[in-house]
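Please read the following account alongside the sequence and the coordinates. It goes from the whole chain to its helices and then to single residues.

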Amino acid sequence: MKKILNVLIIEDHPMIIEGYQRVFEEISSDDKNLKFNIASAMCCETANFKINEYTISNSIDIVLLDLRLPASKDGKTISGEDIGYKIRDEFPNCKIIIITSLSDNYILNTILKKLNPDGLVIKSEVSGRELKDAIFSVLDDIPYYSSSVLRLLRRQISSDFIVEPVDRQILYHLSIGTKTKNLPKIVHLSLGGVERRKRQLKQIFNVDETNDNVLLKIAKDNGFI
């Protein structure tokens, strides 16, 4: 008896959607016991509509999710991350594989901790073979991460440095050019609080207090940004 799985592909490039669909077709062609009902959405608005069509008895089994998506018309859903949270809330057993062009360590780490996807793959590294491996892996309840994500995780596990979430935010925003004086609006600390955090980070990483660039380089080398 065939096992029928509902698949939702959320991606804003039609050719990429077609490529993902072909991979599922190849899987069902190789394994006659598997069949996929595939739907797709190219923006947050359509993704919300598609998700609302599913029910507990007709749930979503697998989602391939891009993080960069056009926002919903009401502005309440602005990214694939928001869509991921909605799916997690409504269909907790759904397997979510994030396939993204974003490769920033801070963003990837945030996604891993907050959304906890079953798979996380960088688009530049994905191939038909790797996507098949990711699908089979998550269906067997084994998380799947592409090589860049694994390198990030290994660096963090082997690092002796302990960095709190707010410190990560400070490092990340400094790394993309945000001025220290503008950080209080982002991390919800006073300017004095931000300066103290920076001094602590430089002590943790054993960096001269006057040098932000060396701090950012060491933080990046250890996978924190």
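The paragraphs below describe the overall make-up, the cores, the helix packing and some individual backbone positions.

This is a predicted model. The protein chain has 10 helices and six strands, and its C-alpha trace spans about 65 × 40 × 30 Å along the principal axes. Of its 225 residues, 45% count as buried. Among contacts with a separation of 6 or more, 65% are between residues 24 or more positions apart.

The buried part can be followed through its nonpolar cores. The largest nonpolar core has 28 residues, and those touching the most other members are Ile10, Ile60, Val63, Leu65, Ile83, Ile87 and Ile98. Ile10 serves as an example: leaving aside neighbours within four places in sequence, Ile10 contacts Ala41, Ala47, Val63, Leu64, Leu65, Asp66, Leu69, Ile83 and Ile87. There is also a second, separate core, made of 20 residues, with Leu5, Val23, Phe24 and Val121 among them.

Two of the residues that Ile10 contacts, Ile83 and Ile87, bring in helix H3. This helix covers residues 80-90, and its buried residues are Gly80, Ile83, Gly84 and Ile87. Are these residues on the same side of the helix or on opposite sides? The arc they cover around the axis is only 105°, so they lie on the same side of H3. Packed against these buried residues are strand S1 (3-10), helix H2 (44-53), strand S3 (62-65) and strand S4 (95-100).

The packing of H2 on H3 can be described in detail. The two axes come within 11 Å and cross at roughly 10°. The helices are therefore roughly parallel, because an angle under 35 degrees counts as such. From H2, the contact involves Cys44, Ala47, Asn48, Ile51 and Asn52, while H3 contributes Ile83, Lys86, Ile87 and Glu90. By class, the residues of this contact are five nonpolar, two polar and two charged. Ile83 and Ile87 thus appear both among the buried residues of H3 and in the contact with H2.

A second helix pair has another geometry. Helix H4 (residues 105-114) and helix H7 (residues 165-175) have axes that come within 10 Å and cross at roughly 150°. H4 is therefore roughly antiparallel to H7, because angles over 145 degrees are classed in that way. In this pair, Tyr106, Ile107 and Asn109 of H4 meet Arg168, Gln169 and Tyr172 of H7. The contact of H4 with H7 has three nonpolar, two polar and one charged residues.

H7 also takes part in covering helix H10. Helix H10 spans residues 212-221 and has Leu215, Leu216 and Ala219 as its buried residues. They cover an arc of only 95° around the axis, which places them on the same side of H10. The elements covering these buried residues include H7 and helix H9 (191-204). On the face of H10 turned away from the buried side are the exposed residues Asn213 and Lys217. Just after the helix, Gly223 has a positive phi of about 85°.

Asp212 also lies in H10. Is Asp212 buried, exposed or partly exposed? Its relative accessibility is 22%, so Asp212 counts as partly exposed. Not counting residues up to four places away in sequence, Asp212 touches Lys198 and Lys202. Asp212 and Lys198 are 14 residues apart in sequence, with a C-alpha to C-alpha distance of 8.7 Å.

Positive phi values are found outside glycine as well. Which residue lies in the loop between H4 and strand S5 (119-122)? Asn116 is found there, and its phi is near 50°, a positive value in a residue other than glycine. With a relative accessibility of 49%, Asn116 counts as partly exposed. Asp141, in the loop between helix H5 (128-139) and strand S6 (144-145), is not a glycine either and has a positive phi of about 65°. Asp141 has a relative accessible area of 58% and is therefore exposed, since the exposed class begins over 50%.

Key. Residues are numbered from 1 along each chain as its sequence is written. This is a predicted model: local features need pLDDT of at least 70, side-chain atom pairs count only at pLDDT 80 or more; totals for chains, interfaces and linings use all residues. Side-chain values use heavy atoms; hydrogens and water are left out. Axes are lines fitted to C-alpha atoms, for helices over the stretch in contact, and angles run from 0 to 180 degrees between N-to-C directions. Helices (H or I, at least four residues) and strands (E, at least two) are DSSP runs, numbered from the N terminus. Angles under 35 degrees count as roughly parallel, over 145 as roughly antiparallel, 65 to 115 as roughly perpendicular and the rest as oblique. Contact means heavy atoms within 4.5 Å. Ala, Val, Leu, Ile, Met, Phe, Trp, Tyr, Cys and Pro count as nonpolar, Asp, Glu, Lys and Arg as charged, and the others, Gly among them, as polar. Buried means under 20% relative accessible area, exposed over 50%, partly exposed in between (1.4 Å probe, protein chains only). The arc is that of the directions from the helix axis to the C-beta atoms. A nonpolar core is a set of buried Ala, Val, Leu, Ile, Met, Phe, Trp, Tyr and Cys residues joined through side-chain atoms within 4.5 Å.
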